[in-house]
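Please look at the sequence and the structure shown below, and keep both in view while you read the report that follows them.

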Amino acid sequence: MIEQLYSHLIILPILVPMLSGALLILFSQRNFSLKFGISVLSTALQFAIAACLLLLIERGHWQNGVGVYLAANWIAPFGIALVVDRLAVLMLLLTPVLGLGAIWYSWVRWGRVGVHYFSLFQFLLMGLNGAFLTGDLFNLFVFFEVMLAASYGLVLHGYNSARVRAGMQYIVVNLLCSSLFLIGVALIYAATGTLNMADIAARTPALATPDRHLLHVGTTILVVAFLTKSALWPLCFWLPTTYSTASPPVAAMLVLLTKVGIYTILRLWSLVFSVDAGSSAGFGASVLLWSGIVTIGFGIVGLIASQDPGRIGSYSAIVSSGTLLSIISFGQTLTTSAALFYMLSSTLAVAAFMLLVELIERIRNPAAAMLALTMEAFAIGDEPGESAGVAIPGALAFVGLAFVFCAMIMAGMPPLSGFLAKFGIFHALMEGHEETSMGYAGWTLVTVIVVSGFAAIISFMRFGVRTFWASPIAKAPRLQVTEAAPIFALVMICVFFTVQAGPLKRYLDRAAASLHAPQGYIHQVLSHAAVPGPGGAP
Amino acid sequence: MEAVLAISIGVLFGSGVWLVLRPRTFQVITGLLLLSYAVNLFIFLMGHAKLNQAPITPTADIDPAQFADPIPQALVLTAIVIGFASTGLYLVVMLASRGLTGTDHVDGRESST
């Protein structure tokens with residue numbers, strides 16, 4: 001009986017944020033501490049659930065490390081299946097960690113400037129968790145829309161004309177993407193007659209040639225939608241404007257949103273176009289590789305040209321997307337696991353940097369920050385934002401050190417996790433290619449990644465020197481514990497990854513191995529039996 | 001039948017793309033609406049256009065070729081709802097932008113010409 005109940009854990013990462021988000025709507029903004037408490041509790045609960053799922057998978061509770069939950073109890077190709085495997089659990093763990101950081105940071109000010117901030121935040125988490133868990137394409141669309149609808153609201157949070165302008169462009173880009181998404185889904189349905197990812201993968205090898213072409217066209221259109229979200233060049237022009245104008249905790253979560261696109265591509269591509277896929281195997285790999293490399297190039301130019309910390313963070317996100325997509329395209333276990341390590345460390349570092357941007361802005365231009373505060377204070381009500389939390393001494397030293405740590409991780413300098421990630425990537429590219437041998441593509445990628453690290457160093461150093469050392473107006477900012485702590489925590493997680501790199505890497509190796517042997521996934525999803533009804537009938 | 005549908009999808013999509021690229025927010029939102037119509041029709045056509053045929057059958061003992069595919073219809077329904085909601089949200093943002101900047105240009109300011 002208990003064994004049966006375990007599988008219900010799989011749907012909880014979607015239900016918990018949905019219910020708590022709905023609950024939060026009921027409380028007025030006056031009960032701010034209560035709202036804050038509920039959202040922290042709900043996010044922590046999501047983390048606990050993801051940790052339980054991780055334990056269940058690691059203890060071999062589910063065969064092949066793939067847990068399946070049949071919503072409404074219809075068997076797989078017909079009903080809605082939720083699937084959890086090692087990669088999904090990894091993302092399910094990362095989401096509430098970033099979420100907690102961002103919510104914690106919102107305590108002082110950002111949670112107070114709008115009305116339904118915490119509800120939107122929970123709905124965003126719901127969409128993210130759903131996108132990681134879903135086993136069929138149309139539900140992926142639905143969860144993407146949930147996530148995007150919440151992110152539209154959050155991008156506009158802290159309402160001013162710059163945010164409305166950026167939000168308008170962000171919404172149009174994403175609505176266009178949704179259209180492409182639907183066209184892609186329809187074409188894939190036309191070609192294979194199914195929307196379940198495992199079923200698509202099972203049918204791909206046996207497709208007739210016209211249907212196969214239709215599948216290729218459909219996937220290409222679908223992937224354009226994901227690539228726009230993950231900001232591949234030339235589909236990334238919306239990103240710097242949106243990220244640098246969004247409020248800091250929202251920008252930190254948006255960093256994860258680009259990774260959702262990458263997650264989906266990794267999932268679909270390794271499933272549908274695996275080595276078993278007959279003549280479709282590895283479809284589009286070279287496009288991913290080369291456009292990834294061009295994206296890194298674009299990011300480098302952007303990094304060097306940027307003066308504003310928000311834009312530096314945005315271009316770092318673009319560089320990280322490009323690096324990830326081009327490494328994923330090698331489709332080997334070693335490269336994928338290196339890519340996953342890089343994704344973890346770069347996501348956390350860029351998110352921490354996005355939170356840090358606001359504090360840095362206070363050093364650079366205290367007057368402007370104060371002005372912005374008063375302009376946005378219309379919704380704070382009777383409680384002034386500054387009174388929350390305790391101001392800490394040594395603020396300048398903290399901001400400076402946090403900046404150095406983030407910069408080191410993003411640029412990939414030793415001894416932090418960014419270096420290990422890059423080292424892992426180079427190692428995988430050079431070692432893992434006995435059969436394919438590292439061709440000029442691999443060497444180009446290595447070169448570009450090295451140059452991107454160099455560009456990041458230049459950009460961060462120039463910015464750091466100007467802000468912390470050479471600035472005539474550098475003045476210790478007012479800093480609250482609740483603003484510093486989440487940044488510290490996110491950076492410390494990266495330090496933890498550095499110390500515990502061995503166990504983490506072994507886990508990622510297992511995740512990548514099961515990703516590149518999709519038979520286990522397909523078998524688990526398609527053979528999962530429905531729960532028998534009370535009368536014995538299925 | 002399919003040719004008519006295909007041509008209408010093409011016309012809708014083409015006009016939609018052209019309108020989305022225009023500088024006024026009202027044109028953009030009209031374009032987005034046309035695009036979503038085109039996409040919805042497209043999903044319908046993927047179920048292979050069939051006239052006067054039931055999508056759901058009471059018995060299992062049938063020839064599937066005689067029936068319309070119910071899944072695209074379900075998908076279209078969901079897509080319409082979601083598309084409608086997000087377009088409505090865009091409308092609100094558009095009005096907010098009009099109120100804040102005093103112009104309906106997508107950049108929030110008139111071009112310098």
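The report begins with chain B, goes on to the place where the two chains meet, and ends with selected residues of chain A.

## Chain B on its own

The model is predicted, and the values in this report are computed from it. The secondary structure of chain B consists of three helices and zero strands, and, read from the N terminus on, its elements follow the order α-α-α. The radius of gyration of chain B is 19 Å, which is well over the 13 Å that the globule rule gives for 113 residues, so chain B is more spread out than a compact globule. The box filled by its C-alpha atoms, taken along the principal axes, comes to roughly 70 × 25 × 15 Å.

Two further values describe how the residues of chain B are arranged. Of the 113 residues in chain B, 34% are buried. When contacts in chain B between residues at least 6 apart in sequence are considered, 56% of them join residues that are at least 24 apart.

## Where chain B meets chain A

How many residues of each chain take part in the contact between chain B and chain A? On the side of chain B there are 30 residues, and they are in contact with 25 residues of chain A. The size of an interface is often given as the accessible area lost when the parts come together. For chain B and chain A, the area buried between them is about 2500 Å², and 84% of it lies on carbon and sulfur atoms.

Across this interface the rule finds zero salt bridges, and the count of residue pairs in polar contact between chain B and chain A, with both residues at pLDDT 80 or more, is also zero. Helix H1 (2-20), helix H2 (25-46) and helix H3 (70-101) of chain B each supply at least two residues of the side that touches chain A. The largest share of that side, 15 residues, comes from H3(B). Sorted by class, the side of chain B that touches chain A has 21 nonpolar, seven polar and two charged residues.

## Backbone features in loops of chain A

The table lists two peptide bonds of chain A that are cis, each with its omega angle and the loop in which its second residue is found.

| Cis peptide bond | Omega | Place of the second residue |
|---|---|---|
| Trp233(A) to Pro234(A) | near 0° | Pro234(A): loop between helix H9 (209-229) and helix H10 (238-245) of chain A |
| Pro414(A) to Pro415(A) | about 10° | Pro415(A): loop between helix H16 (395-411) and helix H17 (417-431) of chain A |

The loop between H9 and H10 of chain A is also the place of Ala231(A), whose phi is near 65°, a positive value in a residue other than glycine. Is Ala231(A) buried or exposed? Ala231(A) counts as buried, because its relative accessibility is 0%, and the limit for a buried residue is under 20%.

Ala72(A) also has a positive phi, of about 65°, although it is not a glycine. Ala72(A) lies in the loop between strand E1 (67-71) and strand E2 (80-84) of chain A. With a relative accessibility of 68%, Ala72(A) counts as exposed, since exposed means over 50%.

## Three buried residues in helices of chain A

Asn129(A) is found in helix H5 (residues 117-133) of chain A, and it is buried, with a relative accessible area of 1%. The side chain of Asn129(A) makes a polar contact, at 3.2 Å, with the side chain of Gln46(A). Not counting residues up to four places away in sequence, Asn129(A) touches Pro13(A), Ile14(A), Pro17(A), Gln46(A), Leu92(A) and Thr95(A).

One of these, Leu92(A), lies in helix H4 (residues 86-105) of chain A, and it counts as buried at 2% relative accessibility. If residues up to four places away in sequence are again left out, the residues that Leu92(A) touches are Pro13(A), Ala50(A), Leu53(A), Asn129(A), Phe132(A) and Leu133(A). The C-alpha atoms of Leu92(A) and Asp308(A) are separated by 32 Å, and these two residues are 216 residues apart along the chain.

Thr264(A), which lies in helix H11 (residues 248-272) of chain A, counts as buried at 3% relative accessibility. Apart from its neighbours within four places in sequence, Thr264(A) is in contact with Leu140(A), Phe144(A) and Phe226(A).

Key: Residues are numbered from 1 along each chain as its sequence is written. Chains are lettered from A and ligands numbered from 1 in the order in which they are written. Side-chain values use heavy atoms; hydrogens and water are left out. Contact means heavy atoms within 4.5 Å. Buried area is the accessible area (1.4 Å probe) that two parts lose on being put together, summed over both. A salt bridge is a side-chain nitrogen of Lys or Arg within 4 Å of a carboxyl oxygen of Asp or Glu. A polar contact is a pair of N or O atoms within 3.5 Å; within protein, one must be able to donate a hydrogen and the other to accept it, and residues adjacent in sequence count only if both atoms are side-chain atoms. Helices (H or I, at least four residues) and strands (E, at least two) are DSSP runs, numbered from the N terminus. Ala, Val, Leu, Ile, Met, Phe, Trp, Tyr, Cys and Pro count as nonpolar, Asp, Glu, Lys and Arg as charged, and the others, Gly among them, as polar. Buried means under 20% relative accessible area, exposed over 50%, partly exposed in between (1.4 Å probe, protein chains only). The radius of gyration is taken over C-alpha atoms; the globule rule is 2.2 Å times the number of residues to the power 0.38.
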